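Thank you for making time for this. I would like to walk through one structure with you, going from the charged pairs to the domains and then to the ligand.

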Amino acid sequence: MSGFPHRHLLGMESLTAAEITTILDLGERFLEINERPIKKVPTLRGKTVINLFLEPSTRTRTSFEIAAKRLSADSVNISGSASSTVKGETLLDTARNLDAMAPDVVVVRHAQAGAAEMLAARLKAGVVNAGDGAHEHPTQALLDCSTIRAHKGRIDGLDVVICGDIRHSRVARSAIWALTKLGARVRIAAPRTLLAPGLDEMGSGAAGNVSVHDRLEPALEGADVVMMLRIQKERIGGALFPNTREYARYFGLSQRRLALAKPDAIVMHPGPLNRGIEISPEVADGSHAVILDQVARGVAIRMAVLYLLAGGEAAASAE
Ligand code: CP
């Protein structure tokens, strides 16, 4: 399809603003299918999508599967515990064997940064990065941008707070690339031990469009969007903060803290939530939260990504 010349989706760093907008616009068109009584179109009939998830997932894996099915592609799910990786087979050998079955797209989640890129260089199928270690999670950033654009009418010129375990967060990294390419200013907030070096040099566009704060309150002042992230216990090796109660006290999003943002600010979270740690239940379930809309838009965005990588346009024009 013109406007998206890639075989793989590996990260937001390598996409242009125009390419991101192409995916967001296509996602808007697919949203309508998800609201029909019969949620299925023949666009990817005859195509095959393999979801190879070697780390746990609820939202990403399920929404890729639903996205493939709603476009009439055949989809197969493989989890770490049910694959021969538990018998010692390498990721590359597993993926090469799956590739020999001629899928059109392999969606991969893996604990190692660079896993999807490594496979993209070696497989015939298109590869989608569904999260690689602490590196990137591009479809999460796309669904986040889709949600912000829907609720705010634009992304350009907005002030977006991203608060939490930035150091271990592929969600933060992809969001910073995507949001700054689309003209937002990003304010990162975290305890110093959960920040990463070079964050203020990340981002695209105008200099100074990423600012770093070691307290949440100054970051929240006048913000349009507040994105809270989970403490990633599975990636935190040692003690990087005293305890979760202390973390919640200084970096948890309460109603009182949210009042520092703009009155119409939206609250986002990629999930899974740690209620009472990074976000209070009142805020998570409150009127500012758009967390379940993020999930709904995730299906449409993944339909758009599969359509672009599996040759949906060619399939549609062949009918
Ligand atoms: N946001 C996200 O990636 O959620 P899952 O881990 O459930 O896929």
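Before anything else, please keep in mind that this is a predicted model. Searching the whole structure gives 15 salt bridges, and I would like to begin with one of them, the pair formed by Arg 149 and Asp 25, whose closest N and O atoms are 2.9 Å apart. Arg 149 sits in helix α5, residues 138-152, while Asp 25 belongs to helix α1, so this pair ties together parts that are 124 residues apart in sequence.

That brings me to the domains. The chain is divided into domain 1, which is made of residues 17-137 together with 296-316, and domain 2, which covers 138-291. Their C-alpha centres lie 26 Å apart, and the contact between them takes 28 residues from domain 1 and 26 residues from domain 2.

How much area do the two domains bury between them? The figure is about 2,100 Å², with 58% of it on carbon and sulfur atoms. On the domain 1 side, Leu 24, His 137 and Arg 297 deserve a closer look, since these residues supply 30% of the area that domain 1 buries against domain 2, more than any other three residues.

Turning to polar interactions, the rule finds two salt bridges across the interface of domain 1 and domain 2, and the count of residue pairs in polar contact between the domains is eleven. Several elements give two or more residues to the side of domain 1 that touches domain 2, among them α2 (59-70), β3 (105-110) and α11 (291-309), but it is α1 that gives the most, with seven residues. By character, the residues on that side divide into ten nonpolar, nine polar and nine charged. I would also point out the side chains of Arg 170 and Glu 55, which meet in a salt bridge at 3.0 Å, N to O.

Finally, which residues are around the ligand? They are Ser 57, Thr 58, Arg 59, Thr 60, Arg 109, His 137, Gln 140, Pro 270 and Gly 271. Taking the oxygen atoms of the ligand, one is 2.6 Å from an N or O atom in the side chain of Ser 57, and a polar side-chain atom of Arg 109 lies 2.9 Å from an oxygen atom of the ligand. With Pro 270 the partner is a polar backbone atom, which is 2.8 Å from a nitrogen atom of the ligand. His 137, then, appears both in the list around the ligand and among the three residues named for the domain 1 buried area.

Definitions and conventions
Residues are numbered from 1 along each chain as its sequence is written. This is a predicted model: local features need pLDDT of at least 70, side-chain atom pairs count only at pLDDT 80 or more; totals for chains, interfaces and linings use all residues. Side-chain values use heavy atoms; hydrogens and water are left out. Domain bounds come from an automatic or database domain assignment. Contact means heavy atoms within 4.5 Å. Buried area is the accessible area (1.4 Å probe) that two parts lose on being put together, summed over both. A salt bridge is a side-chain nitrogen of Lys or Arg within 4 Å of a carboxyl oxygen of Asp or Glu. A polar contact is a pair of N or O atoms within 3.5 Å; within protein, one must be able to donate a hydrogen and the other to accept it, and residues adjacent in sequence count only if both atoms are side-chain atoms. Helices (H or I, at least four residues) and strands (E, at least two) are DSSP runs, numbered from the N terminus. Ala, Val, Leu, Ile, Met, Phe, Trp, Tyr, Cys and Pro count as nonpolar, Asp, Glu, Lys and Arg as charged, and the others, Gly among them, as polar. A residue is near a molecule or strand if one of its heavy atoms lies within 4 Å of it.
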